[in-house]
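User: I have a protein model with a ligand in it, and I would like to learn how to read the site. Could you take me through it step by step?

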Amino acid sequence: MQRRIGLTGGIASGKSSVGRLLEARGWPVLDADQYARDALSPNTPASEAVMERFGSAVGTAAHLNRKALGRIVFNDSVERRWLEALIHPVVRDRFQQELERRSHEPVVVLMIPLLFEAGLESLCSEIWLVNCTPEQQLARMMQRDGLTEEEAQARLLAQWPLARKRNLADQVIENSGALDALVAAVNRCDPVSPGTTW
Ligand code: ADP
């Protein structure tokens, strides 16, 4: 049976960093963030629905202003839920298509930040979670995305805390140390039995 590894964590906990390490093993990595961006590419049904709801404050259907959209949804949970309800089914369909195309692969990685929040567990045969502290998430997010602490905090609060997700994962990859420790943790990560914390 094909292994479908759901790779999740919290925002800026290190999922993409782990995804790149797994890709270097030759494992295909499917990226939910990319699919969500594609869903909002020019003139798609989703970008037209966004335009209809928010109007010119978020640009045009041909040129969506993601920063402006981010400001709206991370300050208003009703709008964020509306946007998630619009995008998640498109992302799920895309995963199904991409999995079909790769059904011959022995291992596929599904990198999904909101795996639990969106209820996408059933796409995966096992779940790996990349963990660090909330303070590290904030610091890494502020540095990577040029956000203020307040903006970073709003993004953090829009997700389940890692402490809640950790218990639901088959494997926890610890990323609260230096990057070389992360590389070592990923290298040790497989093959092992589920339920191991590194
Ligand atoms: P995610 O994909 O979960 O949002 P990333 O892998 O993009 O997270 O990591 C978030 C940011 O933190 C990136 O800029 C990355 O280079 C940095 N980073 C990741 N792991 C570490 C680490 N162990 N030490 C320092 N910086 C890190």
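Analyst: We will go from the ligand outwards to the pocket. Keep in mind that this is a predicted model.

User: Which residues come nearest to the ligand?

Analyst: Start with the residues around the ligand, counted here when a heavy atom lies within 4 Å of it. In this model there are 13 such residues, and Lys15, Ser16, Ser17, Arg144 and Asn175 come nearest.

User: What polar contacts does an oxygen atom of the ligand make with Ser13, Lys15 and Ser16?

Analyst: For a polar contact, look for a pair of N or O atoms within 3.5 Å. With Ser13, the partner is a polar backbone atom, 3.2 Å from a ligand oxygen. Lys15 uses an N or O atom of its side chain, 2.7 Å from an oxygen of the ligand. Ser16 also offers a side-chain N or O atom, and here the distance to a ligand oxygen is 2.5 Å.

User: How much of the ligand's area does the protein bury?

Analyst: Compare the ligand taken alone with the ligand in place. Alone, the ligand exposes 560 Å², and the protein buries 77% of that.

User: Which elements give two or more residues to the shell around the ligand?

Analyst: Those are α1 (15-24) and α6 (134-145). The largest share, three residues, comes from α1. Sorted by class, the shell has three nonpolar, seven polar and three charged residues.

User: Where does the ligand sit among the pockets?

Analyst: The ligand takes up space in the largest pocket. That pocket holds about 1,600 Å³ of space.

User: How many residues line the largest pocket, and which lie nearest its centre?

Analyst: The lining has 45 residues, with Ile11, Asp33, Arg37, Phe74 and Arg144 nearest the centre. Helices that each supply at least two lining residues include α2 (32-39), α4 (66-73), α5 (77-101) and α7 (149-157), along with α1 and α6. By class, the lining divides into 21 nonpolar, nine polar and 15 charged residues.

Conventions
Residues numbered from 1 in each chain as written. Predicted model: local features only at pLDDT ≥ 70, side-chain atom pairs only at ≥ 80, totals over all residues. Heavy atoms only, no water. Polar contact = N/O pair within 3.5 Å; in protein donor to acceptor, adjacent residues only side chain to side chain. Areas by Shrake-Rupley, 256 points an atom, 1.4 Å probe, with all protein chains shown as cover. 1 Å grid on protein atoms, 1.4 Å probe; cavity = no way out; pocket = protein on both sides within 12 Å on 5 of 7 lines; lining within 4 Å. Sits in = over half its atoms within 2 Å of the grid points. Helix = DSSP H or I, 4+ residues; strand = E, 2+ residues; numbered from the N terminus. Nonpolar A, V, L, I, M, F, W, Y, C, P; charged D, E, K, R; others polar. Points joined across faces, edges and corners; volume = space filled by probe spheres on them.
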